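Reader: Could you walk me through this one, and tell me what stands behind each label you use?
Author: Gladly; ask away once the structure is up.

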Amino acid sequence: MQSSEQGHDKDLIVILGDQLSEDISSLQGRSPARSVVLMAEVREEAGYVWHHKKKLAFVFSAMRHFAERLRRAGWTVLYRALADPATRASLTEEVSAVLAAGGFGRVVMTEAGETRLKQAFERASADWPVPLEICADARFLASHEAFAQWAEGRKQLRMEYFYREMRRKTGLLMQADQPEGGQWNFDADNRKAAKADLFMPQPARFVPDAITQEVLEMVERERGDHFGILEGFWFAVTREEALVALEQFASEALPRFGDYQDAMLSGEPFLYHSVLAQYINIGLLGPLEVCRRVERAYYEGDAPLNAVEGFIRQIIGWREYMRGIYWLSPEGYTDQNHLGAQRDLPQFYWTGETSMACLAAAIGQTRQEAYAHHIQRLMVTGNFAMLAGIDPKQVHEWYLAVYADAYEWVEAPNVIGMSQFADGGFLGSKPYASSGNYINKMSDYCAGCTYSVSQKTGEGACPFNALYWDFLVRNEGQLRGNPRLGQMYATWGRMSETKQRDYLESAAKILAAIETL
Ligand code: FAD
Ligand code: DLZ
Ligand code: SF4
């Protein structure tokens, strides 16, 4: 009697902090009358890395707004707040506690984005009195099975070929079975260096409402010691706001997104980037809806093909590919260290206090905005860490902590694979290593730097210059056979012994004094 009145066969639907989409698979086909939704802010998720305070505020505020949205749609939502002493330490403990009260016939969830949480739920569910049903995450274009099938039997995995399949699958920028404009990829047009411009678009900013205000106070109170600056919070925290951000990007920044995709400029953290990754990754925007909006801009004549194709490639190409690689990889993806790098991450990655203008700029804006764009992540902070031989696990934990869009499934392949070459080339064909030259070509940082980019060695020389050669020499055993590095090893071989010694001695001094750079 008691159990039927309470509906003993109700579903307990667990919605994670990055599953804030009304069309999330765990809600599909369930009815509000026969289900209870559980969402929880828990210490374990808030603390698995030293998350940026703006990231914490973003996730918790978006979670609270989403819970309200579900309630308005008729769902019963149990919501656990971080500061509530009754809230359990982890999501699985929270589920166990709810189940202990009785009344549920099963637990339903959309699969967690990362292995850590997936395994935690699988382990915990062995002790639950009811089964755990895990639904595939339909927000991605390629399921795990589809990606594994695509990868099967290929000697080398290359994003470009995967991307073409995703173009065919979605029909984005396709004319029948041919790519729009007769080419799949217009990247060659996307390498302009930026100049200070009269019109520099900005991402849409939103004034914190009462819910966000409460979260901001809570984060400062409960997690005030975390990385980053909380003041000046402006992120979208609802789907409606995220849609405004998408519109603003499509109408203002998109037309020049392609041209300046690789550029970096002092005082301009966003340039023509979309700043949408955090909204897509948390579920406020769908990747396909974002691409369709951007495609429309091309067909309506509002944005050129190189911008639109370049943008769509990042999402249906790189984003999906990264997730595929993450789930395809054997256990311990984040433990890989192909180049045996052992040095500790310098303190200035947390403080931004360094005389290297490029790193100070990238880390400074990361502290302020929980954001840096792709080339800053890859060619400044990532490049420096790899050249200096920083332990990739520490680099991975830094990236996972500091960006508002960081979740392991997308962060780890970008860091361990693409940026640190710690997976030995499973993801990319060569390390993204460069001297100061590249940064100088693509930015205005060097003009305002204490170090001289044109000076190769000795006191005052740009540290990237000597570290670049030292990196190649230090890792010759693993890298010399790489056909894409043959020319660089040949150049090294043609240098005089004195020059080689200068480089290596300079690099040794830089590394010995790394904390003071
Ligand atoms: P835009 O430049 O406007 O690009 C458009 C969209 O394409 C992004 O919003 C994103 O959804 C997608 N995208 C672009 N590049 C990639 C990529 N390489 N992998 C996956 N998606 C991509 N992206 C994350 O979402 N989370 C991360 O934790 C993350 N960590 C990274 C770490 C390193 C070392 C590097 C090199 C890249 C990382 N990226 C990560 C990819 C990329 O840098 C960010 O997606 C992008 O900078 C987010 O800013 P945006 O929204 O303005 O992107
Ligand atoms: C990132 C994050 C944070 C900071 N906090 C929570 C939380 O308290 N509760 C929750 O359900 N999810 C949180 N998340 C998102 C999860 O870490 C995310 O679901 C996993 O990393 C899987 O991608
Ligand atoms: Fe960075 Fe070197 Fe340029 Fe300074 S000179 S901004 S350290 S690349």
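**Labels and what stands behind them**

Author: Let me begin with ligand 3, in what is a predicted model. The shell around ligand 3 has 11 nonpolar residues, one polar residue and no charged residues.

Reader: Which residues are they, and what makes them part of the shell around ligand 3?

Author: They are Met356, Ala357, Cys358, Gly436, Ile439, Tyr445, Cys446, Cys449, Tyr451, Val453, Cys462 and Phe464. The cut-off is a heavy atom within 4 Å, so each of these residues counts as near. Helices α14 (357-369) and α18 (436-442) each supply at least two residues of this shell.

Reader: What makes one residue of that shell polar?

Author: Gly counts as polar in this scheme, whereas Tyr and Cys count as nonpolar. Gly436 is on the list for ligand 3, so it is the polar residue there.

Reader: How do you know that Arg116 and Glu45 form a salt bridge?

Author: Their side chains meet at 2.7 Å, N to O. The limit is 4 Å between a side-chain nitrogen of Lys or Arg and a carboxyl oxygen of Asp or Glu, so the pair qualifies. Arg116 is in helix α5 (residues 115-125) and Glu45 in helix α2 (residues 43-47), so the bridge links distant parts of the chain, 71 residues apart. In the whole structure, the search finds 29 salt bridges.

Reader: Where else does Glu45 turn up?

Author: Around ligand 2, where Glu45 is among the closest of 19 residues, along with Asp18, Ala40, Val42 and Glu114.

Reader: What makes the approach of Tyr48 to ligand 2 a polar contact?

Author: An N or O atom in the Tyr48 side chain is 3.2 Å from an oxygen atom of ligand 2. The limit for a pair of N or O atoms is 3.5 Å, so this pair passes. Backbone atoms take part too: a polar backbone atom of Gly17 is 2.9 Å from an oxygen atom of ligand 2, and one of Val42 is also 2.9 Å from an oxygen atom of ligand 2.

Reader: And ligand 1: how do you know that Arg377 makes a polar contact with it?

Author: An N or O atom in the Arg377 side chain is 3.4 Å from a nitrogen atom of ligand 1, so the pair is within the 3.5 Å limit. For Asn414, a polar side-chain atom lies 2.9 Å from a nitrogen atom of ligand 1. Tyr371 has a polar side-chain atom 2.7 Å from an oxygen atom of ligand 1. Tyr371 is also one of the residues that come nearest, out of 27 around ligand 1.

Reader: Why are domain 1 and domain 3 said to be in contact, when their C-alpha centres lie 39 Å apart?

Author: Contact is judged by heavy atoms within 4.5 Å, so the distance between centres does not decide it. The contact takes 13 residues from domain 1 and 15 from domain 3. About 1,200 Å² is buried between these two domains, with carbon and sulfur atoms giving 59%.

Reader: How many salt bridges and polar contacts cross that interface of domain 1 and domain 3?

Author: The rule finds zero salt bridges there, but six residue pairs in polar contact. Helix α3 (residues 53-72) gives the most to the domain 1 side, with four residues.

Key. Residues are numbered from 1 along each chain as its sequence is written. Chains are lettered from A and ligands numbered from 1 in the order in which they are written. This is a predicted model: local features need pLDDT of at least 70, side-chain atom pairs count only at pLDDT 80 or more; totals for chains, interfaces and linings use all residues. Side-chain values use heavy atoms; hydrogens and water are left out. Buried area is the accessible area (1.4 Å probe) that two parts lose on being put together, summed over both. A polar contact is a pair of N or O atoms within 3.5 Å; within protein, one must be able to donate a hydrogen and the other to accept it, and residues adjacent in sequence count only if both atoms are side-chain atoms.
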